[in-house]
Number of protein chains: 2
Amino acid sequence: MEKYVKMLREKNLKVTPQRLIILKYLNEHSTHPATDKIYQDLKINNPSLSKTTVYNSLEILEKHGIIQSITISGLEHRYDFRHEMHHHFLCKKCGRIIDIDVVCPNLGKMLECGHNVEEVHGYFKGICKKCMNKEKIKDGS
Amino acid sequence: MEKYVKMLREKNLKVTPQRLIILKYLNEHSTHPATDKIYQDLKINNPSLSKTTVYNSLEILEKHGIIQSITISGLEHRYDFRHEMHHHFLCKKCGRIIDIDVVCPNLGKMLECGHNVEEVHGYFKGICKKCMNKEKIKDGS
DNA sequence: TACTAATTTGTAATAATTACAATTTGACAT
DNA sequence: ATGTCAAATTGTAATTATTACAAATTAGTA
């Protein structure tokens, strides 16, 4: 838990129990949860938690680069503890969002294009390996 | 207009005036408009157009790969006539979405990862060239 | 321990999208 | 041309994610 305190202090953010449990939750759940999922899960042991607080906390944590917001699905924001740069794959069948560990070789070119690039998001969509295999079994092939 | 008829016929989609004007609109407006923008603009000359129709049409056109849905902003879907693969840049200051003509060199690697990749989206975010220059002028530097 | 600005909370409002039932229409066969 | 029917369109109502806001609380500091 001390590690989350340090992350907040480094950005001069106030250390609140709400921010700490959200950070801890995100660090321990690499499923790229949506705001409501985070809220519902944390509310069980923190009944006084407000959903607005979850929204506020996620917003400020993202603004300071501690976490990352993923818009791959188009209908909600999904969140990710930010570590090394990686991309994401959305399975159109099961809805899972899977981490893809490739770096972006376009970054170099992007830096030359005149825009000030602060974020890079690589989204792939299709059918994941697991769902592909299920299909094969159903087909009997 | 005949070109749009052909695109629909090729996918065995019914040719309706609504679909045609939406396709034409998207082809002539490379600003990556949101659903409501398309609706508001087209309604002027097509007062009987329903917003649900715009939603339905965009959905079916996207499903058939004629257009592309862009989720870079996180609060709405933006649409793009699908041509060669390219990426997008969102300016956090002016909100513009700018086409970036780089291809994705990760595609090869993605094809080997076991997932069935159907879509590739590259999103960059930051401050665009134009806004950066405005900043410089304000700073007097 | 007291102060102050920032945070949290709950509720109400907004915005994008979807559900749905009734009406209309495009494509095809006669 | 006309009739048929599945599919598309329309309008309204519902849903879902998110934001606005004001009152109460609290973290950090003096």
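What follows is a short chat about how two protein chains pair up and meet two DNA strands in a predicted model.

Reader: Before we start, what are the ground rules for this predicted model?
Author: Residues are numbered from 1 along each chain as its sequence is written, while chains are lettered from A and ligands numbered from 1 in the order in which they are written. Side-chain values use heavy atoms, with hydrogens and water left out, and in this predicted model local features need pLDDT of at least 70, side-chain atom pairs count only at pLDDT 80 or more, and totals for chains, interfaces and linings use all residues.

Reader: What turn lays chain B on chain A?
Author: The copies are superposed by least squares on the C-alpha atoms of residues with pLDDT of at least 70 in both. The fit has an RMSD of 0.1 Å, and the shift along the axis is 0.0 Å. That is the relation of a two-fold axis, and the turn is 180°.

Reader: In chain B, which C-alpha is nearest the axis?
Author: Both copies use the same surface, with 100% of the contact residues of chain B recurring in chain A (contact means heavy atoms within 4.5 Å). As for the axis, the C-alpha in question is 2.4 Å from it, and belongs to G122(B).

Reader: Which strands stand at the edges of the sheet?
Author: The open sheet has 6 strands with mixed pairing, in the order β4(A)-β3(A)-β5(A)-β5(B)-β3(B)-β4(B). Strands pair if DSSP finds at least two bridges between them; strands are DSSP runs of E, at least two residues, and helices are runs of H or I, at least four, numbered from the N terminus. Each edge strand has a single partner, so one side of it is left without a neighbour in the sheet: these are β4 (97–100) of chain A and β4 (97–100) of chain B.

Reader: In β5(B), what is the bridge partner of N116(A)?
Author: Strand β5 (residues 116–127) of chain A pairs with β5 (residues 116–127) of chain B in the antiparallel sense, over 11 bridges. Within that pairing, N116(A) bridges to I127(B).

Reader: On to the DNA: which element gives the largest share of the surface near DNA strand C?
Author: A residue is near a strand if one of its heavy atoms lies within 4 Å of it. There are 20 residues around DNA strand C, the closest being T16(A), R19(A), T53(A), V15(B) and H77(B). The largest share is 4 residues, and it comes from α4(A).

Reader: Which part of DNA strand C does Y55(B) reach with a polar side-chain atom?
Author: Polar contacts here are pairs of N or O atoms within 3.5 Å. V15(B) uses a polar backbone atom, 2.9 Å from a phosphate oxygen of the strand, whereas T52(B) has a polar side-chain atom 3.5 Å from a base nitrogen. For Y55(B), the distance is 3.0 Å and the target is a phosphate oxygen.

Reader: And at DNA strand D, how far is the side chain of T16(B) from a phosphate oxygen?
Author: V15(A), H77(A), T16(B), Q18(B) and T53(B) come nearest among the 20 residues around this strand. Y55(A) has a side-chain N or O atom 3.0 Å from a phosphate oxygen, and R19(B) has one at 3.1 Å. For T16(B), the distance is 2.5 Å.

Reader: What share of the atoms of DNA strand D within 4 Å of the protein belong to sugar or phosphate?
Author: The largest share of the protein surface here, 4 residues, comes from α4(B). On the DNA side, bases make up the rest once sugar and phosphate are counted, and sugar or phosphate accounts for 71%.

Conventions: Polar contact = N/O pair within 3.5 Å; in protein donor to acceptor, adjacent residues only side chain to side chain.
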